Number of protein chains: 2
Amino acid sequence: MLEKSDRTTLKILADQLGFSVSTVSRVLNGKAANYRISKDTETTILSAAKELNFVPNQLARGLRLQKTLTIGLIIPDISNPFFSSIARSIEIEARKLNYSIMLCDSHESTYYEIDGLKQLLSRKVDGLIISPVGENDDHLKQIPENGMPLVVIDRQFPKLNCSKVISDNYHGAIEAVEYLIEHGHKKIACIQGLLKSSVNQDRVRGYIDAHKRHNIPIDSSLLVGNSFGEQNGYLGAKLLLSKTTRPTAIFALSNLISLGAMRAINEEGLKIPEDVSLLSFDENPYSDFLATPLTTIAQQNNNLGKMAMKILYEQICSPETYKPIKVKLPTKLIKRKSVQQINN
Amino acid sequence: MLEKSDRTTLKILADQLGFSVSTVSRVLNGKAANYRISKDTETTILSAAKELNFVPNQLARGLRLQKTLTIGLIIPDISNPFFSSIARSIEIEARKLNYSIMLCDSHESTYYEIDGLKQLLSRKVDGLIISPVGENDDHLKQIPENGMPLVVIDRQFPKLNCSKVISDNYHGAIEAVEYLIEHGHKKIACIQGLLKSSVNQDRVRGYIDAHKRHNIPIDSSLLVGNSFGEQNGYLGAKLLLSKTTRPTAIFALSNLISLGAMRAINEEGLKIPEDVSLLSFDENPYSDFLATPLTTIAQQNNNLGKMAMKILYEQICSPETYKPIKVKLPTKLIKRKSVQQINN
DNA sequence: ATTTTCAGGACAAACGATTGCGCATCATAA
DNA sequence: TTATGATGCGCAATCGTTTGTCCTGAAAAT
């Protein structure tokens, strides 16, 4: 009689069947034919493995094979819908490819990012998908240098030698601001996110270039903020709304920023879009249902995750021949009610 | 000269220093004193390890120590803000305790839940936090039976022999429905979630008991729906609103359900709360900013995650003496504008 | 001058899997 | 009868750590 247990190992299985560990291993890995193992033996082992609910120890397997079928994911804030939707699409794609995910939340802090990175490396993940905090990439450079497959998403560093999957933030911002300009706005404020991040820089560049294209002077006092969080949106909007001549429109560079801005606008007793127009980066499930349905620049969240995982997988499969690629996904302006046409 | 590499192992370190692997290992684990290793040797090894950027291989370590400092997390939908905020608080707490997290998204499907479970077990996680899909717990029973620490959150099974951290869904629902009743509502509809889940059953029980308490007959045609997703909210609301005598209030049993319901209400050209009141389980960052600020039953998401992780840790630390506990966190009614007082 | 004692560290097994070789056994051919 | 080749499977090393036990030389005790 076979003894059932959670801790069934190859050895236990082999002992109970009277075969050697190697034979059992070979059968279980579908290599019976290669090693001339008889059909009889094969079926015996296979059925016993099923009956005993044998599950190979992936630690041992990983140690021996030097691969873990695990990838590491580092993102700045899993509770942010933008990142959690990306995480989800990565998870789905990873599972299809038989990979599991180790998750680290960097809390928008490079310190935690570094710490998480260390954890993941010590656990010998086969590859990494990172949405970097974005201040600094010194700690990231060693990753490709050591041959560890890496795909960076959302935020990038120009000099980092790895694949990148990002949104076309520059053109997204251009489209957003031009839309505002077309609606007669000239005093367009921008509440920006983390200054050093590429996302922010690209969006701000779009903001500025759109002004230039239309020969609208830029009032640098209308460019405020320094973080993608809600607090910053709130503070930024407060600041903007307290100016003697208020901006007619606010361009919020993230979903959390616009949430904070809405709180401030509310508090000031102002109405969107009558008193101030609002246009925000990032589409949300609730954008349609807000007090004023929000006009947004939507990113392809699902595709961001899916492509990142696919690209990472390519690299894992053929590390030598692999060349880093960069994919830039277009954004889409979703028009709703938060931008008003104004007179000149 | 010491050679630097990403793949520094104990052996490499030992060879370069002229010590044995065991000595190096002991020093690095702070056991120098126990084995009478000289201060000199200790500092030499320590500084070399730092210089070579030695990071122990956690696979090997896990194999030897039979513990991985990793916990598995299975949740139904990481892109749902409710779960992603829980995931975040778990991550934070886990990191404090020096644990990493393997994430599985079950996509609200028991099939994927089982698959994820298998992956996590094969990777030898030290413990599991699961928010079960909730249809069935056959696959979960084996976990505590095999001595694997397990904490279940949000959704529970009465007969499952493990710790549980849940919200007080019953009283939450009671409070919600009584609030509606106090506002004069008698025709209160309820769009429910996954029928078999404990969360749903507790909330529905609260819904029913609140009616009984106030001697209000229950119209079973007002109890619709069968999933926590948005589609179900939309469909449920459509159905309810098409009735010849519409309900005056809708109690949505999840954030996604209320989102769907709002879409339906919108589509029907109705206003909240003038035409129909809406009260929803789950607080959201955007609840305040909706067309009609939403009255909600807030759960303690952060505490759910934090406590789950703490309890799991307790069990991991002392598996023998450990007794499963159940914590039930109170909910809180957050009053906004989506419930209207009506005349009788 | 022996025997103890202790500092300082090395050896080797073990964790659970994979895999290059090698070793029987048996039938067939020379 | 003896090579010759299939056939069918086991041995043992290996991945990188940890840890119980053992070894060596020198100082201290007798």
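In what order do the 12 strands of the open sheet run? The sections below take up the sheet, then the chain contact, the DNA strands and the domains.

## The shared sheet

This is a predicted model. Its open sheet holds 12 strands and draws on chain A and chain B. The order is β11(A)-β5(A)-β4(A)-β3(A)-β1(A)-β2(A)-β2(B)-β1(B)-β3(B)-β4(B)-β5(B)-β11(B). The pairing is mixed. At the edges stand β11 (326–329) of chain A and β11 (326–329) of chain B. Each has a single partner strand, so one side of each is left without a neighbour in the sheet. Ignoring direction, neighbouring strands are turned by 20° against each other on average.

Two pairings show the mix. Within chain A, strand β1 (residues 70–75) pairs with strand β3 (residues 127–130) in the parallel sense, over 4 bridges. A:Leu73 has A:Ile129 of β3(A) as its bridge partner. Across the chains, strand β2 (residues 100–105) of chain A pairs with β2(B) in the antiparallel sense, over 3 bridges. Here A:Met102 is bridged to B:Met102 in β2(B).

## Where the chains touch

How many residues does each chain bring to the contact? Chain B brings 37 residues and chain A brings 36 residues. On the chain B side, the elements that each supply at least two residues are α4, α5 (81–96), β2 (100–105), α6 (110–122) and α11 (255–267). Helix α5(B) gives the most, with 6 residues. By class, the chain B side divides into 19 nonpolar, 11 polar and 7 charged residues.

## DNA strand D

DNA strand D is surrounded by 29 residues. The closest are A:Ser20, A:Ser22, B:Leu10, B:Ser22 and B:Ala60. In chain A, α2 (21–28) and α4 (58–65) give two or more residues to this surface. In chain B, α1 (10–17), α2 (21–28) and α4 (58–65) do so. The surface has 12 nonpolar, 10 polar and 7 charged residues.

## DNA strand C

Around DNA strand C there are 29 residues. A:Thr9, A:Ser22, A:Ala60, B:Ser20 and B:Ser22 come nearest. On this surface, α1 (10–17), α2 and α4 of chain A each supply at least two residues. From chain B, α2 and α4 each supply at least two. The class counts are 12 nonpolar, 10 polar and 7 charged.

## Domains of chain A

The domain assignment splits chain A into domain 1 (10–56), domain 2 (67–167 + 301–329) and domain 3 (169–299). Domain 2 is given as two segments. The C-alpha centres of domain 2 and domain 3 of chain A lie 29 Å apart. Their contact takes 12 residues from domain 2 and 12 residues from domain 3. On the domain 2 side, α5 (81–96) and α12 (301–317) of chain A each supply at least two residues. That side has 4 nonpolar, 5 polar and 3 charged residues.

## A helix in chain A

Helix α3 of chain A covers residues 39–51, with 13 residues. From its first C-alpha to its last, α3 reaches 18 Å. That is close to the 18 Å expected at 1.5 Å a residue. A:Asn53 follows α3(A) and has a positive phi, near 55°.

How values were computed
Residues numbered from 1 in each chain as written. Chains lettered and ligands numbered in written order. Predicted model: local features only at pLDDT ≥ 70, side-chain atom pairs only at ≥ 80, totals over all residues. Near = placed C-beta within 6 Å. Nonpolar A, V, L, I, M, F, W, Y, C, P; charged D, E, K, R; others polar. Expected span 1.5 Å × (residues − 1). Pairing = 2+ DSSP bridges. Axes fitted to C-alpha atoms, helices over the stretch in contact; angles between N-to-C directions. Contact = placed C-beta atoms within 7 Å. Domains from an automatic or database assignment.
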